[in-house]
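Me: Please give me a close look at one buried part of this protein. Which residues are tucked away, and what covers them? Then place that part in the rest of the model.

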Amino acid sequence: MMTGASTPPPATRPRRFRLRTVLPLAVVAWLVLEIWLLTVVADVASVFTVFLLLIAGIVLGSVVIKRAGRRAFQNLNEALQRGTAPSSGGGSGLTMLGGLLLMLPGLVSDAAGLLLLVPPVQKALGQYAERAVDRKLRRSAPGGLGDAFQQARMYRPDGKVVQGEVIRDEPGDAPREQRPPLNR
């Protein structure tokens with residue numbers, strides 16, 4: 001079909017990221033592997049056994065997600081009451097990811113979810129992810145998204161909040177608008 005628009009030359013065409021090409025293929029391969037593995041296990045054991053495994057994965061995953069979410073919320077509450085930043089330890093995010101993988105139907109995702117619930121694996125993956133994000137932020141251009149993340153990570157070590165009032169200097173002949181007082 002011809003639309004009349006010319007195709008840009010290869011030099012000006014935006015570069016396609018490798019992940020954008022590989023991710024759909026990886027998802028399809030993962031789905032095919034999950035279905036194949038479920039049929040193999042159903043032939044060896046029984047369909048009822050596979051059904052029970054899938055239901056157990058859903059129940060266990062929901063319990064894991066609920067406990068990890070409750071623990072993360074509790075840590076956040078305690079940190080806010082102390083007036084400090086929440087601790088980054090605990091691995092709540094990886095625990096929730098493990099629970100989500102347990103809830104997905106399939107045996108490979110269940111194995112990966114159970115692996116993510118092991119504390120040494122969580123610690124190693126957390127450190128790897130932190131290093132990868134740090135490398136990516138250091139390579140980013142100034143003024144970009146990485147710069148914004150660097151600014152968001154800055155904090156005062158004493159954790160004090162400075163209260164103040166903004167006073168706007170306006171010319172004497174400018175009309176003043178009536179505003180309600182800030183403290184009530």
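Reply: **Helix α4 and its surroundings**

In α4, the buried residues are L107, S109, D110, G113 and L116. Buried means under 20% relative accessible area; exposed is over 50%, and partly exposed is in between (1.4 Å probe, protein chains only). Helices (H or I, at least four residues) and strands (E, at least two) are DSSP runs, numbered from the N terminus.

A word on the source. This is a predicted model: local features need pLDDT of at least 70, side-chain atom pairs count only at pLDDT 80 or more, and totals for chains, interfaces and linings use all residues. Residues are numbered from 1 along each chain as its sequence is written, and side-chain values use heavy atoms, with hydrogens and water left out.

Now the cover. Among the elements over the buried residues of α4 are α1, α2, α3 and α5. Contact here means heavy atoms within 4.5 Å. Confidence supports a look at this helix: among the elements, α4 has the highest mean pLDDT, 93. That score is the predictor's confidence in each residue, from 0 to 100.

Next, α3. Its buried residues are S92, T95, G98, G99, L101 and L102. Their cover includes α2 (47-82), α4 (107-116) and α5 (119-139). T95 is buried because its relative accessible area is 9%. The C-alpha atoms of T95 and G61 are 9.7 Å apart, although 34 residues separate them along the chain. The helix has the expected span: at 1.5 Å a residue, its twelve residues (92-103) should cover 16 Å, and its end C-alpha atoms are 16 Å apart. The expected span is 1.5 Å times one less than the number of residues.

Then α1, residues 18-44. Its 27 residues should span 39 Å, and the end C-alpha atoms are 39 Å apart, so the two agree. Buried here are E34, L38 and A42. An α-helix has 3.6 residues a turn, so residues three or four places apart point the same way. Cover for the buried residues of α1 includes α2 and α4.

That leaves α2 and its surface. F48, F51, L52, I55, I58, V59, V63 and M103 form a nonpolar patch with about 710 Å² of accessible area together. Areas come from the Shrake-Rupley method with a 1.4 Å probe; for residues, only the protein chains shown count as cover. Patch residues have over 30% relative accessible area and no salt bridge; like charges are joined within 9 Å, nonpolar side chains (Val, Leu, Ile, Met, Phe, Trp, Tyr) within 5 Å. A salt bridge puts a side-chain nitrogen of Lys or Arg within 4 Å of a carboxyl oxygen of Asp or Glu. Helix α2 gives the largest share of the patch, seven residues. V59 counts as partly exposed because its relative accessibility is 48%. V63 is partly exposed too, at 43%. V63 and M96 are 33 residues apart in sequence, yet 10.0 Å apart in space, C-alpha to C-alpha.

Finally, the whole protein. It has six helices and zero strands. Buried residues make up 13% of its 184 residues. Of contacts between residues at least 6 apart in sequence, 55% join residues at least 24 apart. Mean pLDDT is 77, and 63% of the residues score at least 70. Over residues 150-155 the pLDDT is below 50, and this stretch has three contacts beyond near neighbours in sequence.
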